[in-house]
Amino acid sequence: MKLFLDTANLAEITEINRWGVLDGVTTNPSLAAKEKRDFADMIREICAEVDGDVSAEVVATDTDGMLREASELAAIADNVVIKLPLTPDGLGACRKLTDEGVKTNVTLCFSATQAILAAGAGATYVSPFAGRLDDIANDGIALIAEIADIFRVQGYTTEVLAASLRSPQHVAQAAAVGAQAATLPSKVFEQMVHHPLTDAGLERFLADWETYQAALEA
Ligand code: G3P
């Protein structure tokens with residue numbers, strides 16, 4: 001499963017990229033707004049930092065406007081993926097961009113039927129939002145499993161990008177049900193890597209090594 005970082009913050013991206021685990025970055029208008037700086041500059045710097053796909057979202061709500069923004073965003077760097085909302089206009093823009101060979105990420109997906117439409121429009125990725133479904137007492141991971149099953153049975157090439165993941169358990173569950181990609185905030189990467197037994201084990205190894213070296217020198 002590809003691991004994407006869900007942020008527009010360059011410091012967070014640089015830190016997780018240092019771990020050698022990052023396949024790309026996803027941004028959205030809310031994440032961009034938090035950074036309080038020029039959007040094109042932000043995307044340019046993120047694309048220079050990571051080798052993989054960087055999703056940059058349009059804010060127009062009509063197909064023509066989305067395509068105009070997509071053309072500006074795609075010109076920023078080769079690894080820009082155009083993120084489009086799962087609306088009739090977004091699907092129309094997705095089809096046109098796919099036909100032109102531009103990668104797309106169809107976002108704000110909350111049902112299997114919406115995901116089927118994204119696949120039909122030729123999306124590179126479709127992003128079901130697990131956490132936001134959990135927030136309204138639905139089962140977000142069950143939706144990701146359902147979409148992954150449908151895509152496998154139908155042979156769709158669109159990749160399931162599990163989004164709105166809020167915990168390490170969400171990430172493991174998305175991987176177990178067959179999501180091809182997952183996007184998670186920096187905090188979840190940190191929660192995934194740390195384990196008290198790793199810390200205690202390392203501390204013990206280093207203490208034993210010190211004792212061993214001191215004994216050799218004595
Ligand atoms: O980037 C889209 C998605 O991952 C947002 O997550 O936590 O705002 O629902 P969240």
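The lining of the largest pocket is a mixed bag: it divides into eight nonpolar, nine polar and eight charged residues. That makes up the wall of a pocket in a predicted model, and 25 residues in total line it. Among these, D6, N28, L31, K34 and P185 lie nearest the pocket's centre. As for room inside, the volume of the largest pocket comes to about 450 Å³.

Several pieces of secondary structure chip in to build this wall. At least two lining residues come from each of α2 (29–35), β8 (181–184) and α10 (186–193). The largest share belongs to α2, which supplies four residues of the lining.

So much for the walls; next comes the guest. The ligand takes up the space of this largest pocket. Around the ligand sit D6, N28, K83, F129, R132, A163, S164 and R166. Two of these names, D6 and N28, have already turned up among the residues nearest the centre of the pocket. Sorted by character, the shell around the ligand splits into two nonpolar, two polar and four charged residues.

Three side chains from this shell reach oxygen atoms of the ligand. In R132, an N or O atom of the side chain is 2.6 Å from a ligand oxygen. The side chain of S164 does much the same job of approaching the ligand, with an N or O atom 2.7 Å from one of its oxygen atoms. For R166, the distance between a polar side-chain atom and an oxygen atom of the ligand is 2.9 Å. With these contacts in view, it helps to ask how much of the ligand the protein buries. On its own, the ligand would expose 310 Å², and the protein buries 82% of that area.

Technical notes
Residues are numbered from 1 along each chain as its sequence is written. This is a predicted model: local features need pLDDT of at least 70, side-chain atom pairs count only at pLDDT 80 or more; totals for chains, interfaces and linings use all residues. Side-chain values use heavy atoms; hydrogens and water are left out. A residue is near a molecule or strand if one of its heavy atoms lies within 4 Å of it. A polar contact is a pair of N or O atoms within 3.5 Å; within protein, one must be able to donate a hydrogen and the other to accept it, and residues adjacent in sequence count only if both atoms are side-chain atoms. Accessible areas come from the Shrake-Rupley method with a 1.4 Å probe; for residues, only the protein chains shown count as cover. On a 1 Å grid over the protein atoms alone, a cavity is a set of points where a 1.4 Å probe fits but cannot get out, and a pocket is an open set with protein on both sides within 12 Å along at least five of seven lines; lining residues have an atom within 4 Å of a point. A molecule sits in a cavity or pocket if more than half of its atoms lie within 2 Å of its grid points. Ala, Val, Leu, Ile, Met, Phe, Trp, Tyr, Cys and Pro count as nonpolar, Asp, Glu, Lys and Arg as charged, and the others, Gly among them, as polar. Grid points are joined across faces, edges and corners, and a volume is the space filled by probe spheres set on the points.
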